[in-house]
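Subject: Handing over a structure, with notes

Dear colleague,

I am passing this structure on to you, together with some notes on what was found in it. Please look through the sequence and the model before reading on.

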Amino acid sequence: MAIDVTPRAREWLRRKGGVATLRLSPRHGCCGGGADVTVAEARAPDEPERYTRLEFEDVTLHLDPSLVDQELRVDVDGFLGLRHLFVEGTSPTRARK
């Protein structure tokens, strides 16, 4: 497992509490298709026992178990107060269990 949280994202997360959740979020197409897209949120998950917890320097990551084997890069984008986390490096579609 290779997780890269950029220095810029670590600094932003420290200011937001030092915790992030990486999870799959379903997206539905107009004609019935769909995909799971990886999203990052600057908060702890509602059910932390369902996630893999990683300590990454001074940031705690909660990872959806289906993302554990992925190479991920977490960064922050935007400007001024409109910044947000994003994830690169994983396939947006995953098989559901």
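The notes below go through the core, one helix, one strand residue and a surface patch.

This is a predicted model, in which local features need pLDDT of at least 70 and side-chain atom pairs count only at pLDDT 80 or more, while totals for chains, interfaces and linings use all residues. Residues are numbered from 1 along each chain as its sequence is written, and side-chain values use heavy atoms, with hydrogens and water left out.

The largest nonpolar core (buried Ala, Val, Leu, Ile, Met, Phe, Trp, Tyr and Cys residues joined through side-chain atoms within 4.5 Å) has 20 residues, and those that touch the most other members are Ile3, Val5, Leu22, Leu61, Leu63, Leu72 and Leu85. At least two residues of this core come from each of strand S1 (2-5), helix H1 (7-15) and strands S2 (19-28), S4 (52-56), S5 (59-63), S6 (71-77) and S7 (84-88); helices (H or I, at least four residues) and strands (E, at least two) are DSSP runs, numbered from the N terminus. Not counting residues up to four places away in sequence, Leu61 touches Ile3, Val5, Ala20, Leu22, Thr52, Arg53, Leu54 and Phe56, where contact means heavy atoms within 4.5 Å.

In H1, the buried residues are Ala9, Arg10, Trp12 and Leu13, with buried meaning under 20% relative accessible area, exposed over 50% and partly exposed in between (1.4 Å probe, protein chains only). These four lie on the same side of H1, because they cover an arc of only 165° around the axis, the arc being that of the directions from the helix axis to the C-beta atoms. They pack against S1, S2, S4, S5, S6 and S7, whereas Pro7 and Arg15, on the other side of H1, are exposed. Arg14, also placed in helix H1, is partly exposed, with a relative accessible area of 36%. Just after H1, Gly17 takes a positive phi of about 115°.

His62 lies in strand S5 and counts as buried, at 6% relative accessibility. Leaving aside neighbours within four places in sequence, the contacts of His62 include Val19, Ala44, Pro45, Pro48 and Tyr51.

Finally, Leu82, in the loop between S6 and S7, counts as exposed because its relative accessibility is 61%.

Best regards
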